[in-house]
Amino acid sequence: MRFRGLDLNLLAVFEGLMQTHSVSGAARQMHLSQPAMSAALSRLRDYFGDPLLVTHGKRMYPTAFAESLAPLVRECLGGIETLLATSASFDPANSQRTFKVIASDYVITALVAPLMADLSNLAPGVRLQLISPDQHSSELIGDGKADLMISPREFLSADHPTELLFEEEHVVVGWEDNPLLQTPLDEASFLGAGHIGVAIGSRSNIAFADRHLALMGKHRRIEISASSFTTVPWLLVGTQRLAVMHERLARAAMRLFPLTSVPMPFAFPVMQELVQFHQTRAADEGLFWFREQLRRIATNPQNG
């Protein structure tokens, strides 16, 4: 299809070239021959009147114009993806749609897993692509490469809509034979114990619990820093360590591990989990349906 003299397929070519900075790399990514990719780059250069990518040594580098064009092209492609994914009506019983969701392993365990079990009959053709959160998560939402992100507010972008999904309490969890949990846990015993903390992503962003403990001036002794929430139960069993855990995840873990939980020994803020999506997808009927299903599971006390 052409629009104002431009073959719109060339926008996808441009995106591939900007991702790889390589004609051969973009050709492999898009399953094209190298001559076909070279011809497409030539057509892009002719249309925009700019070299777009210039060779220096063994690498290609984007021009300043190409860098300025890149976010506009990504937004355009994201809009096209939304258009293709959106129909006049969404029929979950017959839909074959794949929803791309950015969520931590805690959210997957407490919310997504019970939802997908529920949808096996309600929407058997619906699929999920689960993406672990990291420092690029907001870019995936902005570029239209992910449909939803589920996260506390501090990890979400201010550029796109958010909706409250559910609120979560935190509890202290430990091995069921841990002597610290045989009597009421006080603050001094809590802070004096060895703990397991969680840091997420390649930049090791500390989780909500440690962030707010630090803000409260309460510093626990972290003996193990895990990279995921669901590894924590394995590290508690048979030890005297403690962990601050989301209540929903704690309930799920206690069904599988010899663990017990007690309330936090001092007042602790409630965590709000929000869902974020690109502003251009606010009218996406399928995405609205999926958010409603998440909210239904989140507010059902039998889940988690």
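Which helices and strands each supply at least two residues of the lining of the largest pocket? In this predicted model, the contributors are α5 (105–122), α6 (137–142), β7 (148–152), β11 and β15 (271–276). Among these elements, β7 gives the most, with four residues.

The pocket itself holds about 360 Å³ of space. Its lining is made up of 24 residues, and those nearest the centre are Pro133, Ser151, Pro152, Phe155 and Ile200. Sorted by class, the lining has 13 nonpolar residues, eight polar ones and three charged ones.

One of the residues nearest the pocket centre, Ile200, also belongs to strand β10, so it is worth following that strand next; β10 covers residues 194–200. All seven of its seven residues are buried, and this holds for both faces of the strand. On one side lie Gly194, Ile196, Val198 and Ile200, while His195, Gly197 and Ala199 lie on the other.

Strand β10 has several pairing partners to look for in the structure. With β12 (residues 221–226), β10 pairs in the parallel sense over five bridges, and here Ile196 stands opposite Ile224. The pairing of β10 with β13 (residues 242–246) is also parallel and runs over two bridges; in β13, Leu242 is the bridge partner of His195. With β11 (residues 205–206), by contrast, β10 pairs in the antiparallel sense, again over two bridges. There, Ala199 has Ile206 as its bridge partner. Strand β11 thus links the two parts of this description: it pairs with β10 and supplies at least two residues of the pocket lining.

How values were computed
Residues are numbered from 1 along each chain as its sequence is written. This is a predicted model: local features need pLDDT of at least 70, side-chain atom pairs count only at pLDDT 80 or more; totals for chains, interfaces and linings use all residues. Side-chain values use heavy atoms; hydrogens and water are left out. Buried means under 20% relative accessible area, exposed over 50%, partly exposed in between (1.4 Å probe, protein chains only). Two strands pair if DSSP finds at least two bridges between them. On a 1 Å grid over the protein atoms alone, a cavity is a set of points where a 1.4 Å probe fits but cannot get out, and a pocket is an open set with protein on both sides within 12 Å along at least five of seven lines; lining residues have an atom within 4 Å of a point. Grid points are joined across faces, edges and corners, and a volume is the space filled by probe spheres set on the points. Ala, Val, Leu, Ile, Met, Phe, Trp, Tyr, Cys and Pro count as nonpolar, Asp, Glu, Lys and Arg as charged, and the others, Gly among them, as polar.
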